[in-house]
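Here are some exercises to help you find your way around a new fold. Have a look at the sequence and the model, then work through each task at your own pace.

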Amino acid sequence: MRISALGNSACHRHQASAGFTLIEMLVVLMIAGLLLAVVALAPTRNRRGDLAEEAQRLATMLESADDEAQVRSVSIAWQPMAGGYRFYQRGENGSWQPLADELLGPHRWGTEVTGVSIRYTGSGETVPRVVFGDESITAPVIVTLDAGTAHLQVVGSGIGNFAVSQP
């Protein structure tokens, strides 16, 4: 049995190209290390900060709804719903009709809000909605937003101002 020199050399070339070189392995490890560093050092969202932004946005929306109620001379209500909130206007028959305009249409929460409670100052019980009338003075209200362990309040003064505070 005779093996030619050409056949033996082709066999060695095939075996040598079957693995990775040291340089290729180092390049792959360096790329993987860079990707891990980028992921590890990427800033994570702060739940309390996100909730504070959402509470401030809500305070601004509630002030706008109070102004709109006075301008339109109608009652407007704000009510939380699953995943967000919406505004309603009291119809001529006394029922609440959802608003669909750009300002007071339905809104989704910008962060994960796990709970919302509403109570008017002086009353220990919660109510389903905040109502703004066509007069500039209303009862002070506290809207509490929960996002896991973070809690913030949007406090209405009763004269159209809303501010964010810690519970």
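## Exercise 1: Two hairpins

Strands S1 and S2 (residues 84-90) run antiparallel and are joined by 6 bridges. Before going further, please note that this is a predicted model, in which local features need pLDDT of at least 70, side-chain atom pairs count only at pLDDT 80 or more, and totals for chains, interfaces and linings use all residues. Residues are numbered from 1 along each chain as its sequence is written, and side-chain values use heavy atoms, with hydrogens and water left out.

**Task.** Find which residue in S2 is the bridge partner of Ala77, and which residue takes a positive phi in the hairpin of S1 and S2.

**Solution.**
- Step 1: strands (E, at least two residues) and helices (H or I, at least four) are DSSP runs, numbered from the N terminus. Two strands pair if DSSP finds at least two bridges between them.
- Step 2: the partner of Ala77 in S2 is Tyr88.
- Step 3: the hairpin leaves 2 residues between its strands, and Gly83 takes a positive phi near 80°.

**Task.** Now describe the hairpin of S8 and S9.

**Solution.**
- Step 1: strand S8 (residues 150-156) pairs with strand S9 (residues 162-165) in the antiparallel sense, over 4 bridges.
- Step 2: Gly156 stands opposite Phe162 in S9.
- Step 3: there are 5 residues between the two strands, and Gly158 in the turn has a positive phi of about 100°.

## Exercise 2: From helix to strand

**Task.** Is Ala69 buried or exposed? Work out what surrounds this residue.

**Solution.**
- Step 1: Ala69 is found in helix H3.
- Step 2: a residue is buried under 20% relative accessible area, exposed over 50% and partly exposed in between (1.4 Å probe, protein chains only). Ala69 counts as buried because its relative accessible area is 0%.
- Step 3: contact means heavy atoms within 4.5 Å. Leaving aside neighbours within four places in sequence, Ala69 is in contact with Val74, Ile76, Phe132, Gly133 and Asp134.
- Step 4: two of these partners also meet each other, as Phe132 in S6 is the bridge partner of Ile76. S1 and S6 pair in the antiparallel sense over 3 bridges.

**Task.** Which residue in the loop after H3 has a positive phi although it is not a glycine?

**Solution.**
- Step 1: most residues other than glycine have a negative phi.
- Step 2: Ser73 has a positive phi of about 55°.
- Step 3: Ser73 sits in the loop between helix H3 (47-72) and strand S1 (76-81).

## Exercise 3: The cavity

**Task.** How many cavities of 30 Å³ or more does a search of the whole structure find, and what lines the largest cavity?

**Solution.**
- Step 1: on a 1 Å grid over the protein atoms alone, a cavity is a set of points where a 1.4 Å probe fits but cannot get out, and lining residues have an atom within 4 Å of a point. Grid points are joined across faces, edges and corners, and a volume is the space filled by probe spheres set on the points.
- Step 2: the search finds 1 cavity, with a volume of about 80 Å³.
- Step 3: its lining has 15 residues, of which Phe132, Thr138, Ala139, Val141 and Phe162 lie nearest the centre.
- Step 4: strand S6 (residues 130-132) gives the most to this lining, with 3 residues.

Methods
On a 1 Å grid over the protein atoms alone, a cavity is a set of points where a 1.4 Å probe fits but cannot get out, and a pocket is an open set with protein on both sides within 12 Å along at least five of seven lines; lining residues have an atom within 4 Å of a point.
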